[in-house]
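Please look over the sequence and the coordinates below before reading on. The report that comes after them deals with overall form, aromatic contacts and charged contacts.

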Amino acid sequence: MGSDCFSEEFLLTNPTGSRLYHSYGERLPIVDYHCHLEAREICENREFKDLGEMWLAHDHYKWRAMRTFGISEEYITGTKSYYEKFLKFAQIMPYLAGNPLYIWCALELNRYFDIEEPLGPDNAEDIYRRTNQRIRELHMTPGWCLEQSGVELLSTTEDPADSLEYHMKIKENAVLKTRILTAFRPDRAFYCERKTFPDYMKILSQAAGQEIVDFSSMMGALEQRLAFFAEFGTTVSDNGIAHIAWEEYTEAQAEDIFQKAAAGEQLSEVEINRYKSAFLIEMAKLYKKYHFVMQLHIGTYLDANHRKVQEIGQSTGFDCVDDSTSVKSVGRILNRLTELDQLPKTILYPLNPAQMEPFAVLAAGFCDGTVRGKVQLGAPWWFNDQPFGIMRQFGGAGNLYPLSLSVGMLTDSRSFLSYPRHELYRRCLCSYLGELVERGEYFSDEKYLKEIIEGICYRNVKEYFGW
């Protein structure tokens, strides 16, 4: 029988891995280069009401799990209080064996509230009371969570039209110890087929202070906004390409398609792909010009449950994994940029685990002699950011692309309590390296293992993004 409380050796499955983690990985600062925390909440830095709010206000992972147990939506995104929502979530916790929510929540209770026993319906009231008392005593705020987690730097994600008002206020706040940057995410200009595209062109035009009348002037407006983000200090872009099939295009065709999209006309599949191909090439040129890293998040099946998305909204737990974007299409984009000598540093994030290894091979094929890991496979994200997905990527993709060059883990999260995900990643990494040592597959001096761990968990990301 296992222990009935939290163990500090979880996931450390071998003595060497345990020693590597506790010696080198455990206490490194966190650089969270991609998340969806809200700058407004960081800026306002108000004390949280209760654990229900901290856990359930934005977390679609928990929402999805609760729905699978048949819990009514009023206890998920509905009108019930966070106290009532918390009690409902606590009821399913003992039944989440093998689900990352179980260990994430256990880690969060332990790291932020010193609670070692597992949460369940029998002790939910007591844990709710104890966590509330700690929130009040320690004045838990977003800033407190970041400091407690050892977050040295984090990057939120903002639309090009965002004023960065809250980021500027944060920058003026000398109290917050974590450096806050943002990523430039031009998805609303990328998805030309959406009904919102014409209205977004007006929003972007106003933000850039210049009229948008064609594809060229749209790119000019995006460059103006990218330069604004660059002045703020960021070097991060983020591009969600749920689906693209590379399609050759001419400038005239791109202009033609833009005019139809801006007028709200329906586009053919070929036109959509031509526009998106042109858009990514032109954006990549700008990223190269302004020394931004191009992150490509590939293979999401967005809004799968149309009825629920209409009732509740987007990004509420109804997105899925897709395989319609081929490795070859992304390769054509990288190849065209290489031919133009315009390929920026690029991180590929395939959401489909079956594509991890093919994309690792693709990334290696576009590295050159200019930058370490110029094109690389990103951290296992979203549905893959749990011990099984992390170890699968180490064992699979690591065979095909040097793991030691990775820029490491990110949270991709909307929760201020999500930073133990970095700890999970580090435990998995050290356990994986320890297994290699104990199987006799790695026998170089331990100083190299120390460099690898410190590089992946901290140093590589700062060098790669120029921080």
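What follows is a report on this predicted model, arranged by topic.

## Overall form

The protein chain has 467 residues, and its radius of gyration is 23 Å, which agrees with the value near 23 Å that a compact globule with that number of residues would have. Along the principal axes, the C-alpha trace spans about 70 × 55 × 45 Å. The secondary structure comes to 20 helices and nine strands.

Of the 467 residues, 55% count as buried, while the chain as a whole exposes about 20,000 Å², of which carbon and sulfur atoms supply 50%. When contacts are restricted to residues at least 6 apart in sequence, 78% of them join residues that are at least 24 apart.

## Aromatic pairs and a cluster

The structure holds 25 aromatic pairs. One of them is formed by Tyr-112 and Trp-144, whose rings lie 6.4 Å apart, centre to centre, with 55° between the planes, an arrangement that counts as tilted. This pair links distant parts of the chain, since Tyr-112 belongs to helix 6 (residues 100–113) and Trp-144 to helix 8 (residues 142–149), with the two positions 32 residues apart in sequence numbering. Both Tyr-112 and Trp-144 are buried.

The rings of Phe-190 and Tyr-191 have their centres 4.9 Å apart and their planes at 80°, and because planes over 60 degrees apart count as edge-to-face, this pair is placed in that class. Phe-190 and Tyr-191 are both buried, and they also belong to one aromatic cluster, in which they are joined by Phe-197, Phe-215, Phe-258, Tyr-275 and Phe-279.

## Charges over rings

Aromatic rings also take part in contacts with charged side chains, as two examples show. The charged end of Arg-421 sits over the ring of Trp-104, at 3.9 Å from the ring centre. In the other example, the charged end of Lys-88 sits over the ring of Tyr-75, and here the distance to the ring centre is 4.7 Å.

## Salt bridges

Side chains of opposite charge can pair when their charged atoms come close. A search of the whole structure finds 37 salt bridges, and one of them joins the side chains of Arg-40 and Glu-44, with an N to O distance of 3.1 Å. Both residues lie in helix 2 (residues 39–44), where they are four residues apart, or about one turn of the helix. Arg-40 has a relative accessibility of 33% and therefore counts as partly exposed, and Glu-44, with a relative accessible area of 42%, is likewise partly exposed.

A salt bridge within helix 15 (residues 306–312) involves Arg-307 and Glu-311, which are separated by about one helical turn because they are four residues apart in that helix; the N to O distance between their side chains is 3.3 Å. Arg-307 is exposed, with a relative accessible area of 62%, whereas Glu-311, at 48% relative accessibility, counts as partly exposed.

Are the partners in the salt bridge between Asp-59 and Lys-62 buried or exposed? Their side chains meet at 2.7 Å, N to O, and both Asp-59 and Lys-62 are buried. Beyond these individual pairs, Glu-8, Arg-111, Glu-423 and Arg-427 are linked in a network of salt bridges.

Methods
Residues numbered from 1 in each chain as written. Heavy atoms only, no water. Phe/Tyr/Trp six-rings, centres within 6.5 Å; stacked < 30°, edge-to-face > 60°. Buried < 20%, exposed > 50% of the residue type's maximum accessible area, 1.4 Å probe, protein only. Lys NZ or Arg CZ within 6 Å of the ring centre and 35° of its normal. Rg over C-alpha atoms; globule rule 2.2 N^0.38 Å. Contact = heavy atoms within 4.5 Å. Areas by Shrake-Rupley, 256 points an atom, 1.4 Å probe, with all protein chains shown as cover. Salt bridge = Lys/Arg side-chain N within 4 Å of Asp/Glu carboxyl O.
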